[in-house]
Amino acid sequence: MDERHFGAEVTEIPDEVRMRLSGDLNARADETLAAAYERVVALGPRRVSLDFGNVGYINSTGIALVVRLLAEARRDGRAVRAIGLTEHYREIFRITRLSDFMEIVEGDAA
Amino acid sequence: MTALTRPIRRLLGRRETPDNAAPAAFTTPTPPAETTDGASIAVDIPASDPLLAYLQTASGPVDIARLELDSPAVRAMREAGVALVVPLVSQGELIGTLNLGPRLSEQDYSSDDRRLLTTLAAQAAPAIRVAQLVREQAHEAAERERLDQEMRVATLIQQQFLPRELPNLPQWQIAAYYGPARAVGGDFYDFIEMPGGRIGIAVGDVTDKGVPAALVMARTHSILRAEASRSDSPGEILARANALLEPEMPARMFVTCLFAILEPGTGRIVMANAGHNLPYIRTDDGVVELRATGMPLGLMPGIRYEETEGVIAPGSNVLLYSDGLVEAHDPNQEMYGFPRLREAMTVDDAGSELLDRLLETLHQFTGADWEQEDDITLVTLRRASGVSDQAGEAPTMTTAFSIPGEEGNERLAMDRVAAAVVDLGIPPARLERLKTAVSEATMNAIEYGSQGRADVPVDVEVEATPEAVIVRITDRALSGAVPDDAETPDIDLKLAGAQKARGWGLFLIQSMVDSMDVTTDGTTQTVTLTMARKEQTDG
């Protein structure tokens, strides 16, 4: 039940760069997420996957951080997809219409 | 070269080697160098050594071999082979020295050499000072981070052991508040179910702060729970806890603790006290202290604790509290004190209202800029005054608690609400939605109602009727009412940069629960979230 510190690990895999996120995605995740996305930009992939498999909590500020990342990626012509979201957060991505702009992959990976 | 740092001023020179041309090279102050050939060697200059004052005012390089000064540092430098010392002065402060061995030619340093060294020192000193300041700031930042980390750990430990829900007793209203100070202390409270429907109530305070206090608090909490399962005598429970804690208690630490056992049906309360503040009881006849004395836990072995017994009559209030409340100070350093607390107790109000009013009175006393010095714990019990308060109502479950209005605590509120409703059989998807709604509504309450201030609490009440779960989140409306005409978030506009990325909170709450209502009375704002316990046809 503890709040968990946010982490973001960037790895290059064929055809894309994956951001493995962990912990709580809230206001405190801001800098870590931004710094991780800068590393993605430096690698310059055509697609970035956000792996939420180890994220247990996302609040509205966390949603805003995803929106910001998505906006940046779209400006750079980069596709974004989400992996490993729980059913609850898939619902939240649907009602916020984030899912209209990023592919939501059910299950762990694809 | 030597950089001087307080309180230890250390002088470093360099030993001469055959192929090492003088002057001796620059050295850094730490770590102290090895004394192998060619390596730097360290000379400590105590702050009291006259050489420091001499160098501070010297106009240029100082011939150390010829310097007539009764100074242990000068002798040490000569022994280390230093011939010339160039003071490095920045803004009038001696920040280091450049130490040189004898010239390889064995001739004295010329006046040209000295001019060059003086110029070099004048240019190097400010740059070295900047580097020193950067290093000091980095050290300070690392230290601050370490302390912050320790406080986060202490808070986590503390929160683990606070009750997730309050006892739900017919005819009783129980409310609790725990407000941690910035340097988290060791306050705790607990409710323990005992045989025969009785409730054990513990309120305690560990001396000291931070992780050590939190660990002792955790240990005390566990011992009290274990002992309460073996005995129904508060005095015996405290005596056993003392016997277990005393051998392992860190130096200069101890625990004050009040342990009471309440029989909800009759109002009978038996308590024993290990050096803790005495509880106040408010009846129609006035405010009285329930007296019991005893040594704090962990100070010495073999302590016995006397027991006091009383009956809480219908309509009475009881307050148990830690000294963070009575020892709070106003801007003029006056203490809140017992008389004010007693006065605040004289008003007749229902359980949770008493808690609110005590906090309000305290905050009026301390003023807005108060930095809370110690943890504050309050537990209030109210026995319903006969038929009028609660009798005859349908059986509903109610849990109430308060959280400090500090960013991040929405997670705590969310987890406690989830724990309160865990046994109601709400479908998991609905429970997740309720959690998100509670978290978002609490975030708003913290951001606007408390303006992020830990001393301005947010109250959360969970009520479960047979049909629905109702969560009421009440804040102190410091920023006035939250506007209900906030723009509807639109992802197209947000992605185009025409709307800020934030602003999802209210939208999420409304999407998650069956209804959301906002009411305000000028001083507080309450957001009421309602969610049916069973899945509707909403999918």
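Why is helix α2(A) largely enclosed by the rest of the structure? Twelve of its 16 residues are buried, so the surrounding structure largely encloses α2(A). A residue is called buried if 20 or more other C-beta atoms, placed from the backbone, lie within 10 Å of its own.

This is a predicted model, in which local features need pLDDT of at least 70, side-chain atom pairs count only at pLDDT 80 or more, and totals for chains, interfaces and linings use all residues. Residues are numbered from 1 along each chain as its sequence is written, while chains are lettered from A and ligands numbered from 1 in the order in which they are written.

**View 1. The fold of chain A.** Chain A contains three helices and five strands, arranged along the sequence as β-β-α-β-α-β-α-β. Helices (H or I, at least four residues) and strands (E, at least two) are DSSP runs, numbered from the N terminus. Of its 110 residues, 43% count as buried.

**View 2. Helix α2 of chain A.** This helix covers residues 60–75 and reaches 23 Å from its first C-alpha to its last, close to the expected 22 Å; the expected span is 1.5 Å times one less than the number of residues. Among its buried residues are A:I63, A:L65 and A:A73. After α2(A) comes A:G77, with a positive phi near 70°.

**View 3. Chain A against chain B.** Contacts, defined by C-beta atoms placed from the backbone and lying within 7 Å, join 23 residues of chain A to 19 residues of chain B. On the chain A side, α2(A) gives the largest share, nine residues.

Methods
Contact = placed C-beta atoms within 7 Å.
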